[in-house]
Amino acid sequence: MKKVSLTIDGKKITAKEGESLLWVALDNGIYIPNLCAIREKKEPSASCRLCFVEVEGYDNPVTACTEPVREGMVVNTRGTEALRLAATGFELIMASHPVDCANCLANGNCELQKIASHLKIRLKTRRFTKILRELPIDDSHPEFIYDPNKCVLCGRCVWVCRQQEKAGLGFARRGFERVVTTFADKPLGETECLNCAKCVSVCPTGALVFKEGKGT
Ligand code: FES
């Protein structure tokens, strides 16, 4: 495939033409907040609305996960407008996300903590009214726990599960009620889960985590 040269945050980079700007940046050590992107997924869902960047010559910021790289592109991941949009998207997510990091098994390995630090905003944002879901935690699976209250609906687990022979996870319901669940809302331990644990490995938060002593 043809190679192109572009500049991201002043750094000169060579990449394959048409590659996603998000992965090109990440592969070159330039962090862009993201929750819903999966490298292997050809059509990005672009649902988290966090990966905004500014591209020279464009009127408005664009999502890096949907933007293919091209020759001569000049990208700014730190532009005021791009960061403002990302911060708003992040604060909306945090408006329904419990913040109890000290008691969360994902503490220190959570993408939300990384994004908050990158955007220089608090996890306990006060900008939007906090409305928490109070859904039951599913610990029926022998290997891992699913806490839907910590799910940010990025869809990564659903996508990797659907690549397996027997898909167990999917989305159900709409709006604020939307949730990742199993067919007929069965507890995970009662499904035909293949125990591949790929859902746990791609979860960016503490929604799907290994039980203590498992998954090591
Ligand atoms: S990573 Fe681009 S919108 Fe989610």
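The largest pocket in this predicted model is lined by 30 residues, and Ser47, Ile93, Val152, Leu153 and Cys154 sit nearest its centre. Its volume comes to about 530 Å³. A pocket here is an open set of points on a 1 Å grid over the protein atoms alone, with protein on both sides within 12 Å along at least five of seven lines; lining residues have an atom within 4 Å of a point. For volumes, grid points are joined across faces, edges and corners, and the space counted is that filled by probe spheres set on the points. Helix H4 (156–162) and H2 each supply at least two residues of this lining, and H4 gives the most, with 4 residues. By class, the lining holds 17 nonpolar, 8 polar and 5 charged residues (Ala, Val, Leu, Ile, Met, Phe, Trp, Tyr, Cys and Pro count as nonpolar, Asp, Glu, Lys and Arg as charged, and the others, Gly among them, as polar).

A word on the ground rules: local features need pLDDT of at least 70 and side-chain atom pairs count only at pLDDT 80 or more, while totals for chains, interfaces and linings use all residues. Residues are numbered from 1 along each chain as its sequence is written, and side-chain values use heavy atoms, with hydrogens and water left out.

Then there are the closed spaces. Searching the whole structure turns up 3 cavities of 30 Å³ or more, a cavity being a set of grid points where a 1.4 Å probe fits but cannot get out. The largest cavity holds about 150 Å³ of space. Among the 16 residues lining the largest cavity, His97, Pro98, Cys101, Cys104 and Cys110 are the closest to its centre. That lining splits into 9 nonpolar, 5 polar and 2 charged residues. The second largest cavity has about 90 Å³ of space and a lining of 13 residues, with Cys151, Cys154, Cys157, Cys203 and Ala207 nearest its centre. Here the split is 11 nonpolar, 1 polar and 1 charged. Cys154 turns up again: it is also listed among the residues nearest the centre of the largest pocket.

H2, already met in the pocket lining, also packs against another helix. The axes of H2 (residues 80–94) and H3 (residues 111–119) come within 11 Å and cross at roughly 140 degrees. Helices are DSSP runs of H or I, at least four residues, and strands are runs of E, at least two, numbered from the N terminus. Axes are lines fitted to C-alpha atoms, for helices over the stretch in contact, with angles from 0 to 180 degrees between N-to-C directions. On the H2 side, Leu83, Ala86, Ala87, Phe90 and Met94 meet Leu112, Ile115, Ala116 and Leu119 of H3, contact meaning heavy atoms within 4.5 Å. Those contact residues are 9 nonpolar, no polar and no charged.

Back towards the start of the chain, the loop between strand S2 (11–16) and helix H1 (21–27) holds Glu17 and Ser20. Glu17 counts as partly exposed because its relative accessible area is 33%, whereas Ser20, at 16%, is buried (buried is under 20%, exposed over 50%, partly exposed in between, with a 1.4 Å probe and protein chains only). Neighbours within four places aside, Glu17 touches Met1, Lys2, Lys3, Val4 and Val69, and Ser20 touches Ala64, Cys65, Glu67 and Val69. Glu17 and Arg70 are 53 residues apart along the chain, yet their C-alpha atoms are separated by 5.7 Å.
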